[in-house]
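Visitor: Hi, I've got a fold to look over and could use a second pair of eyes. Can you walk me through it?

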Amino acid sequence: MFGAVIEIIRTFPIRTPRLYLRQFVMTDAAKAYDNWMSDDDVTEFLTWETHSSKEESERVIGIWIRSYELGTMDWCITLRKDHEPIGSITAVQDFPDEKYCEIGYCLAKEYWGKGYMTEAVKAVTEFIFRNTDYRWIQARCDSENYGSRRCLEKCNYKLIADIDLPCAKRREEVRTYHVLKIDRTDIARL
Ligand SMILES: CC(C)(COP(=O)(O)OP(=O)(O)OC[C@H]1O[C@@H](n2cnc3c(N)ncnc32)[C@H](O)[C@@H]1OP(=O)(O)O)[C@@H](O)C(=O)NCCC(=O)NCCS
């Protein structure tokens with residue numbers, strides 16, 4: 001029918017030993033705000049500013065939810081033991097024609113250092129390679145974001161470049177970013 005939206009859902013649920021990754025729903029907004037979106041320590045190396053109200057988190061999550069039908073990959077990370085939303089992992093840049101994407105992620109501070117993001121990145125990496133024909137997945141992190149780099153290395157991502165870019169959040173200060181990448185052929189080693 002003319003004008004009909006063709007839904008291409010790509011954010012399917014993913015289970016790991018401790019985590020359940022699923023689509024965001026509007027009722028996640030309050031927890032997302034309290035748990036990570038309102039925390040300056042979480043956003044320090046991210047491109048977006050810390051949220052200053054629950055409404056801001058609702059607005060952003062609303063956009064993500066409406067975008068699912070376009071084929072975005074945008075998971076809410078929850079704990080299997082109590083269903084608590086603790087972070088997000090997303091294909092922040094997605095290039096189906098060029099057969100690769102870039103992932104980004106963040107986790108509530110209370111849950112850092114327990115291996116959760118390593119578990120999530122491995123699961124999403126496997127999911128993308130199994131459900132797309134992508135040749136590689138990449139990720140970018142500030143060179144001072146040691147935890148993020150280490151997490152990627154534990155997931156078998158390899159450093160391929162360092163790039164200097166102005167950071168809009170820091171008054172265009174030039175920062176060095178690591179670009180890490182995993183090829184489809186490396187999936188067996190995950
Ligand atoms: C980066 C982040 C996702 C890591 O998540 P996490 O669940 O704590 O990571 P994991 O526990 O799976 O693994 C992190 C690894 O890095 C290490 N690490 C963490 N912080 C570190 C630091 N400041 N210096 C050196 N290593 C560090 C951990 O020890 C662990 O390695 P190990 O298992 O060899 O000890 C989390 O800290 C976060 O959400 N930060 C804020 C948002 C962010 O920066 N996102 C990434 C943007 S590129």
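Guide: Sure. Keep in mind that this is a predicted model. Let's start with a strand pair: S7 and strand S8 (residues 173-183) run antiparallel and are joined by nine bridges.

Visitor: How many residues sit between S7 and S8 in that hairpin?

Guide: Five residues lie between the two strands of the hairpin. In the turn, arginine 171 has a positive phi of about 50°.

Visitor: And what stands opposite aspartate 164?

Guide: That would be threonine 176 in S8.

Visitor: How many residues of S7 are buried?

Guide: Zero of its ten residues, so to speak: strand S7 (residues 158-167) is hardly covered.

Visitor: Where does S7 stand in the sheet?

Guide: The sheet is open, with eight strands in the order S1-S2-S3-S4-S5-S6-S8-S7 and mixed pairing. S7 and strand S1 (14-15) are at the edges with a single partner strand each, so one side of each has no neighbour in the sheet.

Visitor: OK, S8 then. How does it pair with S6?

Guide: Antiparallel, over seven bridges, with strand S6 covering residues 136-142. As an example, glutamine 138 has lysine 181 in S8 as its bridge partner.

Visitor: Switching to the ligand. Which residues are closest?

Guide: Met117, Thr118, Tyr146, Gly147 and Arg150 are the closest, out of 21 residues that surround the ligand.

Visitor: Which element gives the most to that shell?

Guide: H5, with five residues. Strand S5 (100-107), helix H4 (116-131) and helix H5 (146-154) each supply at least two.

Visitor: What's the shell like by class?

Guide: Twelve nonpolar residues, seven polar and two charged.

Visitor: Zooming out, what order do the elements come in?

Guide: Starting at the N terminus, they go β-β-α-α-α-β-β-β-α-β-α-β-β. That's five helices and eight strands.

Visitor: How does the radius of gyration stack up against a compact globule?

Guide: It agrees: a compact globule of 190 residues would have a radius of gyration near 16 Å, and the chain has 16 Å. The C-alpha trace spans about 45 × 40 × 40 Å along its principal axes.

Visitor: What share of the chain is buried?

Guide: Buried residues are 28% of the 190 in the chain.

Visitor: Last one. How much of the contact set comes from residues 24 or more positions apart?

Guide: Counting contacts with a separation of 6 or more, residues 24 or more positions apart account for 62%.

Terms used:
Residues are numbered from 1 along each chain as its sequence is written. This is a predicted model: local features need pLDDT of at least 70, side-chain atom pairs count only at pLDDT 80 or more; totals for chains, interfaces and linings use all residues. A residue is buried if 20 or more other C-beta atoms lie within 10 Å of its own, exposed if 12 or fewer, and partly exposed in between; C-beta atoms are placed from the backbone. Helices (H or I, at least four residues) and strands (E, at least two) are DSSP runs, numbered from the N terminus. Two strands pair if DSSP finds at least two bridges between them. A residue is near a molecule or strand if its C-beta atom, placed from the backbone, lies within 6 Å of it. Ala, Val, Leu, Ile, Met, Phe, Trp, Tyr, Cys and Pro count as nonpolar, Asp, Glu, Lys and Arg as charged, and the others, Gly among them, as polar. The radius of gyration is taken over C-alpha atoms; the globule rule is 2.2 Å times the number of residues to the power 0.38. Two residues are in contact if their C-beta atoms, placed from the backbone, lie within 7 Å.
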